[in-house]
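Me: I have a structure to read and would like some help. Let us take it one feature at a time.
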There are 2 protein chains.
Amino acid sequence: MVADELRRRILSGAIPPGALLPSETTLIAEFSASRGTIREAIGLLRAEGMVVTEHGRGSYARPVLPVRRLGSERYRHELDRLARGEDAPEETSFTRDQGIRWSEYQLDREFREVPASAALADLFGVEPGTMVLERRFVFRAQGVPQQMSTSCLLLDMVAGTPVADPANEPWPGGNTAQLHSLGVTITGVRERVRARMPVADEVGTLRIPGGVPVVTLTRQTYAGERVVEVALDIVIPADRVELDYYIDLT
Amino acid sequence: MVADELRRRILSGAIPPGALLPSETTLIAEFSASRGTIREAIGLLRAEGMVVTEHGRGSYARPVLPVRRLGSERYRHELDRLARGEDAPEETSFTRDQGIRWSEYQLDREFREVPASAALADLFGVEPGTMVLERRFVFRAQGVPQQMSTSCLLLDMVAGTPVADPANEPWPGGNTAQLHSLGVTITGVRERVRARMPVADEVGTLRIPGGVPVVTLTRQTYAGERVVEVALDIVIPADRVELDYYIDLT
DNA sequence: CAGTGGTCTAGACCACGCT
DNA sequence: GCGTGGTCTAGACCACTGT
């Protein structure tokens, strides 16, 4: 099997990460197979996430990307800083995990005021149809798309405040600081994690290569018993992130 | 594009989850395309996780599977029970999240005593080469493989104890109860989450259909400052699980 | 057995990247 | 322009599923 042999070469390091595979023409000669067979083999490796293919250039053993670590402590750090009354630092919860400064960031944003869907209302613990501020974000760092997300706030909590103005994004210190400015101190965050293959829209926006799944987070931010923010769907390409949770049992 | 049209039919519900797609022969006629084109389209949908294909039967819109929820509270529940001095219940941390009883479980296990690799030693905070008990597990519930994992314990902590005997698995109450029996009370758990496409070996063992990623967990179990258990690689098919973390910030 | 998908061949033309 | 991958056709034979 052509795929097996190429996989073996990549895993053994004979074809190191980032290196070009032999061209289809070369492989046709080497394996005495037809082009369809060769392409099928490469397609399989692509689906497995072993190689990435670039039109007109060739197929590469997948290079190892720097991984951003998203730790559960990121919430506590920001909260501690706010409690000390300090200003927002150059780096914040989102950025400090990867050593990237705000200035290197791009943030696309789109705000809408919409009635809550059944799913969203359930996560907030309110009646369906309650008005919310829906904020869609796409984060880019140094040109590389990092994540897209839809974060919602209850409209009667934010209407008329600076939080409702897209021009104030990115807000130094993120959601935690934003809610703090409204007099809300968060007491907990619940995150539910799943993974799946990206849909076409996500592949385009996040520039996800073939064979890379996405990690999805559904986040509820609590202030006491009350849910004050819901991120319905934070979508992060899985080759760029590691989630880190510490569960304190004392 | 054939794939686009089929994707549209599935997403619109014209082909409901679990339903058979038209056969390749039918699609050749309907789209006036060659077999290669049709197969490529179905292959794409398979890679996207939209359809599953069964040899000799056909391709189905992917059925929705019941999802097992793995909550961070599972550790606390078990710990609370042990603190109360109760016996292990019929359901335990692992099973209670999905309503499956121990009796419906199968557990393949394989124990080895090996020197710690550099990565493992780093996670334990010990010298590389320190002897550990390496335990490989495959869990099945009602015939469906649920996860495979490699969990390690420091050998000088468990040698000669019932914990080191594979015959005592599955141990009622799981790792927490196991460590408790050694006089170790855990104080925290750190879990690092990633996702990727499965390798061939995992596809076979866990019976993962095409287009389904796996979620991987690296777990460190703490007793105070000390790491008492490390699960290097817990591998769970992503279509069967949701991880649930509550981060307390009070 | 007929019908399904799995694999393969041997050609063709098009689109992209580079020099 | 030349080499790369992207897409497509029109056949062939094999392997699995069901009646």
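Me: Leaving aside neighbours within four places in sequence, which residues is A:Arg190 in contact with?

Reply: First, the ground rules. This is a predicted model: local features need pLDDT of at least 70, side-chain atom pairs count only at pLDDT 80 or more, and totals for chains, interfaces and linings use all residues. Residues are numbered from 1 along each chain as its sequence is written, chains are lettered from A and ligands numbered from 1 in the order written, and side-chain values use heavy atoms, without hydrogens and water. Contact means heavy atoms within 4.5 Å. In its own chain, A:Arg190 contacts A:Thr218, A:Arg219, A:Gln220 and A:Tyr222. In chain B, A:Arg190 contacts B:Arg69, B:Asp244, B:Tyr245 and B:Tyr246.

Me: Which polar contact joins the side chain of A:Arg190 to chain B?

Reply: A polar contact is a pair of N or O atoms within 3.5 Å; within protein, one must be able to donate a hydrogen and the other to accept it, and residues adjacent in sequence count only if both atoms are side-chain atoms. Here the partner is B:Asp244, at 2.6 Å. Between chain B and chain A, 16 residue pairs are in polar contact, both at pLDDT 80 or more.

Me: How many salt bridges does the rule find across the interface of chain B and chain A?

Reply: A salt bridge is a side-chain nitrogen of Lys or Arg within 4 Å of a carboxyl oxygen of Asp or Glu. The rule finds three. One of them pairs B:Arg192 with A:Glu242; the closest N and O atoms are 3.9 Å apart.

Me: What area is buried between chain B and chain A?

Reply: The size of an interface is often given as the accessible area lost when the parts come together. Buried area is that loss, found with a 1.4 Å probe and summed over both parts. The value here is about 3400 Å², and carbon and sulfur atoms give 57% of that. B:Arg194, B:Ile247 and B:Leu249 supply 21% of the area that chain B buries against chain A, more than any other three residues.

Me: What turn and shift lay chain B on chain A?

Reply: Two copies of a chain are related by a rotation about an axis and a shift along it. Superposition is by least squares on the C-alpha atoms of residues with pLDDT of at least 70 in both copies. Here a turn of 180° and a shift of 0.1 Å along the axis give an RMSD of 0.1 Å. The two copies are therefore related as by a two-fold rotation axis. The same surface serves both: 100% of the contact residues of chain B recur in chain A.

Conventions
Buried area = accessible area lost by both parts, 1.4 Å probe.
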